[in-house]
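Hi,

Here is the structure I said I would pass on. Have a look, and then read my notes underneath.

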Amino acid sequence: MNKQEQEIRKKSPVQIKNKKASFEYFFVDTYTAGIVLTGTEIKSIRNGKVSLVDTYCAIYNGEIWVKNMYVAPYFYGSFANHSVRRDRKLLLTKREIKKLQEAEKTPGMTIVPTLIYIDEHGRAKMDIALAKGKKLYDKRQTLRDKEDRREMDRARKNF
């Protein structure tokens, strides 16, 4: 990820993160993918009405799909509203999909969404990560590190 991509993410009005994924997994490699959406879905995402909790990615027939992503119904949607938890196709190159498919075959590896944001052209993008599951002791260490950082920040504020 280069500096320009990082700047775009920071400037995005919508940034929905999957905080649970960073606690549950070690990220090995990350990719940025476009999402195929309907009209009411993109409007809900621009309003920030989306959740990545319990979301995962799967590869079928050379295509990558995001499963179980919650996009709230658009308030002004009427009869044309979308299904809330439908499968949505992600847009990656064939080379990237093939690489992910090979890596996913190894035990303990999975593909998880980490972030949804709006790019400078108004399109929804999703960062996905090839991830390896953490053991219980790794999760405990993550909690300890988080608590230590919090205490250090408090100590700095007191001085």
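What follows is a walk through the sheet, the helix on it, the core and a few backbone oddities.

Before anything else: this is a predicted model, so please read everything below in that light.

**The sheet**

Start with the sheet, which is open and built from 7 strands in the order E1-E8-E9-E2-E7-E5-E4, with antiparallel pairing. At the edges sit E1 (15-17) and E4 (56-60), each pairing on one side only. On average, neighbouring strands are turned by 40° against each other, direction ignored.

E9 (residues 124-133) is the strand I spent most time on. On one side, 9 bridges join E9 to E2 (residues 25-35), and the two run antiparallel. Two pairs help you find the register there: Phe26 has Lys132 in E9 as its bridge partner, and Gly34 stands opposite Lys125. On the other side, E8 pairs with E9, again in the antiparallel sense and over 9 bridges. Lys132 turns up here too, with Met109 standing opposite. The hairpin of E8 and E9 has 5 residues between the strands, and Gly122 in that hairpin takes a positive phi near 85°.

How much of E9 is buried? The count is 7 of its 10 residues, so the strand is largely enclosed by the rest of the structure.

Two residues of E9 are worth clicking on. Leu130 is buried, with a relative accessible area of 6%. Beyond its sequence neighbours, Leu130 is in contact with a run of residues from Phe26 to Asp29, namely Phe26, Phe27, Val28 and Asp29, and also with Leu100, Ala103, Glu104, Met109, Thr110 and Ile111. The other one is Met126, whose contacts outside its own stretch of chain include Tyr31, Ala33, Ile35, Leu52, Val66, Leu90 and Leu115.

**The helix across it**

H3 (residues 39-46) has Thr40, Glu41, Ile42, Ser44 and Ile45 buried. Which strands do those buried residues pack against? They pack against E3 (50-51), E6 (70-71), E7 (88-91), E8 (109-118) and E9. The helix lies across E7, E8 and E9, and runs at about 75° to E8. Just after H3, Gly48 takes a positive phi of about 80°.

**The core**

The largest nonpolar core has 27 residues, and Ile64, Leu90, Leu100, Met126 and Ile128 touch the most other members. E2, H3, E4, E5 (63-67), H4 (94-104), E8 and E9 each supply at least two residues of this core. As a general point, nonpolar side chains in soluble globular proteins tend to be buried together.

**An arginine to look at**

Is Arg88 buried or exposed? With a relative accessible area of 0%, Arg88 is buried, because the cut-off for that label is under 20%. Arg88 belongs to strand E7. A polar atom of the Arg88 side chain lies 2.8 Å from the backbone oxygen of Arg86. Leaving out residues up to four places away in sequence, Arg88 touches eleven-odd neighbours, among them Ile35, Val36, Leu37, Glu41, Ile64, Trp65, Val66 and His82. For scale, the C-alpha atoms of Arg88 and Leu130 are separated by 18 Å, with the two residues 42 apart along the chain.

**Backbone oddities**

Most residues other than glycine have a negative phi. Two asparagines go the other way.

- Asn61 has a positive phi of about 50°. Asn61 is found in the loop between E4 and E5, and is exposed, with a relative accessible area of 81%.
- Asn68 has a positive phi near 65°. Asn68 sits in the loop between E5 and E6, and is partly exposed at 28% relative accessible area.

If you only have a few minutes, I would open the view on E9, where 7 of the 10 residues are buried, and then turn to Arg88 with its relative accessible area of 0%.

Cheers

Terms used. Residues numbered from 1 in each chain as written. Predicted model: local features only at pLDDT ≥ 70, side-chain atom pairs only at ≥ 80, totals over all residues. Heavy atoms only, no water. Helix = DSSP H or I, 4+ residues; strand = E, 2+ residues; numbered from the N terminus. Buried < 20%, exposed > 50% of the residue type's maximum accessible area, 1.4 Å probe, protein only. Contact = heavy atoms within 4.5 Å. Pairing = 2+ DSSP bridges. Axes fitted to C-alpha atoms, helices over the stretch in contact; angles between N-to-C directions. Polar contact = N/O pair within 3.5 Å; in protein donor to acceptor, adjacent residues only side chain to side chain. Core = buried A, V, L, I, M, F, W, Y, C linked by side-chain atoms within 4.5 Å.
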